[in-house]
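Q: Please take a close look at one part of this model for me, and set it against the chain as a whole. I would like the cut-offs spelled out as you go.

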Amino acid sequence: MLDAIGVASMADLFAVIPESLRTKSFAIPSGISENEAQGFLADLAGRNRSDYICFAGGGYYDHFIPSAVDAVSSRSEFVTAYTPYQAEASQGTLCAIFEYQTMIARITGMEYANASLYDGGTALYEAVVMALRATGRRKIVVDAGVNPLHRRILATHLVNIDTEIVVADLADIHPDMKKLESLLDGDTAALVAQNPNFFGALHDYEVVFDKARSLGVVGILSFYPLSLGILRTPGEMKADIAVGEGQSLGLPLSFGGPYLGLMGVSGKYLRKMPGRIVGETIDRNGRRAFVLTLQAREQHIRREKATSNICSNQALCALRAVIYLSLMGREGFRNTALLNLERTEYCKKSIREIPGVSVKEGPTFNEFTVELPDRADAVVGRMREEGYVAGIPASLFFEGREKELIIAVTEKRRAGEIEGFTEALRKVLS
C-alpha cells in the first residue's frame, strides 16, 4: 500500500505534522504500577490547556449541550458496538431514528430526510452523486462560499468519476448570483451553494434555484441547522436537496468528530437517497411499529443497484441530535438561534470601535468576517497568548485574504467574554 501511494514508510504519512509537534515517546518509567502510570499520564494531559475561550467556527461550533443529551445517549440500550436496526429487536432505536428523520425534514422544510450520513462533507458528496445519477450529466457548479473542507471532500470522492467541477468566484465574501446563473447550462448536473456561507454571509438562493430547475439542474443547498430557527429553510428557497453538518445539534467538537451528516430531499429524489430510511407501519397484532423502509445501500442489495456504500448511519450521533431537538422544542430552537444572532451583533458592534479594523458588510448569523491591519494568522497567534481562539484566518483556504479573520459567536459566549475578546484584540493590534 505504501508503494501504491508513493511513500517510503508509515512515518512519511505524518510528514505534514511539524517536527516540534510530534511526540516520539511518552517516556513512561519502567516498572511502575498502574496507579503510578495513570498519575504520570494525567500529569502529561494536564499540560494541555482547556481554558481557551473559543471564537472559531468554519462549520464546527462551540455550542451549549444540555446534560440530558449525554445522560440519555450513553444509556446501555443505545451504546452498542453494532448499529442496531433489526425490527424484531430494535424498536427503540428505530423509533428514535424515525423521530430524527421527522425533525430534520421539518427544520429543513424538505419532504423527506434519511437516517443520517457520516458528516457534512460526505452528505454534500452524496447529494452531488444523486444529481449525477438523476440527470446523466457531468458538470457541477459550486459556489466558492461553500465550506472549503467540504469542497475538498467532494473533489477527493469525485477524483475517479468523470465530472467537471466549476467553482464560481465570490464578490468579496458574497455569492455572485449573476455569475452562478451564467455558469448553468444543459450540461450541468447540480448547483451547490451554502447558507450562511463560509464567511458567514447570508443570502436567499430561491431565484438561482428557480433558474437551475428550469434547466433541469439539481439545486443543492448546504445549511447550518441551528440557523434554521430564524432563517428561510432550504425548502422555502426551492432547493431540491438540503445537506448539512449536524455537529451543532448536541455533538461536542471532539477534535474533529465523530459528526453527523444531514440530508433532506424533495419527493422526486426519495428513491435516489443514500443510506437508509426508517418508516412507520403496524405489526401483525395491529401495534405501531418501525422498520427500515428504504435501504438501497451495498450491504443490502447488489452492488450495481446500490445508491451508496455507506456502512453506518451514525445512529448514536443522530440519537444525540434528536434528544437535543426534543429538549429544545420549537421555541427553544428559535430562541437559541436568536441568542447566536444577538451576541454576534454585539461582538460586531464592539469590534467596529477598534481602530484599523473593519467588519465586512452584509447580514450574517453567528459568524462574520473582519479585515485587520495585520496578518490574521499572526493576530490569532497573539490572541492565543491572551487566552482566546480568535477565529479562522481566511488565508488558510483562500489566496489573497491574508488580513481577513472569520469570527464565530455562539450562545455560549457571554457579554463579559465578548468584551474581553474585543479588548484583547485591541491590545494585540496596538
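A: Let's start with contacts, meaning heavy atoms within 4.5 Å: of those in the chain between residues at least 6 apart in sequence, 72% join residues at least 24 apart. This is a predicted model, so local features need pLDDT of at least 70 and side-chain atom pairs count only at pLDDT 80 or more, while totals for chains, interfaces and linings use all residues. Residues are numbered from 1 along each chain as its sequence is written, and side-chain values use heavy atoms, with hydrogens and water left out.

The chain has eleven helices and 17 strands, taken as DSSP runs numbered from the N terminus, with at least four residues for a helix (H or I) and at least two for a strand (E). Its radius of gyration is 23 Å, close to the 22 Å that the globule rule gives for 430 residues, so the chain is as compact as a globular protein of that length. That radius is taken over C-alpha atoms, and the rule is 2.2 Å times the number of residues to the power 0.38. Of the 430 residues, 50% count as buried, which is to say under 20% relative accessible area with a 1.4 Å probe and protein chains only.

Now for the close look: an open sheet of seven strands. Its order is E2-E10-E9-E8-E7-E3-E4, with mixed pairing; two strands pair if DSSP finds at least two bridges between them. At the edges stand E2 (112–113) and E4 (164–168), each with a single partner strand, so one side of each has no neighbour in the sheet. Further in the order, E7 (residues 188–195) and E8 (residues 218–223) run parallel and are joined by six bridges. Across this pair, valine 192 stands opposite isoleucine 220 in E8.

One more strand of the sheet deserves a stop: E10 (261–265). Serine 266 is found in the loop between E10 and strand E11 (277–282). Is this serine buried or exposed? Serine 266 is buried, with a relative accessible area of 15%. Leaving aside neighbours within four places in sequence, serine 266 is in contact with Met110, Glu111 and Asp240.

For a comparison elsewhere in the chain, try helix H10 (residues 376–385). Its buried residues are Ala376, Val379, Val380, Gly381 and Met383. Their cover includes strands E15 (388–389), E16 (392–393) and E17 (404–408), along with helix H11 (415–429). H10 is followed by glycine 387, which has a positive phi, near 95°.
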